[in-house]
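Colleague: Got a minute? I'd like to be walked through this model, starting from the inside.

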Amino acid sequence: MSDPLVDSALAVRAHAHAPFSRFRVGAALEDSSGRIHTGCNIENATYGLTMCAERVAIFIAVSEGAREFRRIAVAADADSLTPPCGSCRQLLWEFCGDIEVILVNPAGVRESMRLKDLFPRPFDASFL
């Protein structure tokens, strides 16, 4: 069964700029109105300036006015499913809260979980 969010995450991988790792990742973030915002990883020679697909999708969504989100799909070029890195988990928590996270690969393997299961003790503004 096709899911437009998952399809978008898989498709946007083609736009990834990954000349160093050759590891293409796509992310698709669905806002509360059903709009889908996509992002892909964009590498830089210093690596520290590299942007993950999830963060690109968040920043694009926020720059387009979205503030509430339902779920995110993350598609990576790997046999095993690849969850968001720690930095992405932090930003997902701050901007999206406990959303559904769907992991998928090009072979169609997929798994769904809640962000709180990937990030059980988040740091956010409630600590300030």
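**Starting with the core**

Modeller: Sure. The largest nonpolar core has 23 residues, and those with the most contacts inside it are Leu 29, Phe 69, Ile 72, Leu 92, Ile 99, Val 101 and Leu 115. Keep in mind that this is a predicted model.

Colleague: Okay, which helices and strands supply at least two residues of this core?

Modeller: Strands E1, E3 and E4 each do, and so do helix H2 (53–63), helix H3 (86–96) and helix H4 (115–118). As a general point, nonpolar side chains in soluble globular proteins tend to be buried together.

Colleague: Let's zoom in on Leu 115. What is Leu 115 in contact with, leaving aside its neighbours within four places in sequence?

Modeller: With those neighbours set aside, Leu 115 is in contact with Arg 89, Leu 92, Trp 93, Gly 97, Asp 98, Ile 99 and Val 101. Apart from the largest core lies another one, of eight residues, among them Ala 73, Ala 75, Ile 102 and Val 104.

Colleague: Let's switch to the sheet. In what order do the strands sit?

Modeller: The order is E2-E1-E3-E4-E5, in an open sheet of five strands with mixed pairing. Strand E2 (36–40) and strand E5 (110–114) are the edge strands, so to find them, look for the ones that pair on one side only. From one strand to the next, the twist averages 15°.

Colleague: And which helix packs on the sheet, touching E1, E2, E3, E4 and E5?

Modeller: Helix H1 (residues 4–12) does, and its direction makes about 145° with that of strand E1 (25–31).

Colleague: How many bridges join E3 to E4?

Modeller: Five bridges, between strand E3 (residues 69–76) and strand E4 (residues 100–104), and the two run parallel. One pairing you can look up is Ala 75, whose bridge partner in E4 is Val 104.

Colleague: Is E4 enclosed or open to the outside?

Modeller: E4 is largely enclosed by the rest of the structure, because four of its five residues are buried.

Colleague: Now for H2. Which of its residues are buried?

Modeller: The buried residues of H2 are Ala 53, Glu 54, Arg 55, Val 56, Ala 57, Ile 58 and Ala 61. They pack against E1, E2, E3 and H3.

Colleague: Take Ala 61, in helix H2. Why does Ala 61 count as buried?

Modeller: Because its relative accessibility is 0%, and buried means under 20%. Leaving aside neighbours within four places in sequence, Ala 61 is in contact with Leu 29, His 37, Ala 66 and Phe 69.

Colleague: How far apart are Ala 61 and Phe 20?

Modeller: They are 41 residues apart in sequence and 27 Å apart in space, going C-alpha to C-alpha.

Colleague: New topic, backbone angles. Which residue just after H2 takes a positive phi?

Modeller: That's Gly 65, with a phi of about 100°. Most residues other than glycine have a negative phi. Arg 22 has a positive phi of about 60° although it is not a glycine, and Tyr 47 also has a positive phi of about 60° without being a glycine.

Colleague: Where are Arg 22 and Tyr 47?

Modeller: Both are in loops: Arg 22 lies between H1 and E1, while Tyr 47 lies between E2 and H2.

Colleague: Is Arg 22 buried or exposed?

Modeller: Arg 22 counts as exposed, because its relative accessibility is 62% and the cut-off for exposed is over 50%.

Colleague: Let's zoom out. How many helices and strands does the chain have?

Modeller: Four helices and five strands. From the N terminus on, the elements run α-β-β-α-β-α-β-β-α. The radius of gyration is 14 Å, close to the 14 Å from the globule rule for 128 residues, so the chain is as compact as a globular protein of that length.

Colleague: And what share of the residues count as buried?

Modeller: 45% of the 128 residues do. The chain exposes about 6800 Å², with carbon and sulfur atoms supplying 55% of that.

Colleague: What about contacts between residues 24 or more positions apart?

Modeller: Those account for 60% of the contacts in the chain with a separation of 6 or more.

How values were computed. Residues numbered from 1 in each chain as written. Predicted model: local features only at pLDDT ≥ 70, side-chain atom pairs only at ≥ 80, totals over all residues. Heavy atoms only, no water. Pairing = 2+ DSSP bridges. Axes fitted to C-alpha atoms, helices over the stretch in contact; angles between N-to-C directions. Contact = heavy atoms within 4.5 Å. Core = buried A, V, L, I, M, F, W, Y, C linked by side-chain atoms within 4.5 Å. Buried < 20%, exposed > 50% of the residue type's maximum accessible area, 1.4 Å probe, protein only. Rg over C-alpha atoms; globule rule 2.2 N^0.38 Å. Areas by Shrake-Rupley, 256 points an atom, 1.4 Å probe, with all protein chains shown as cover.
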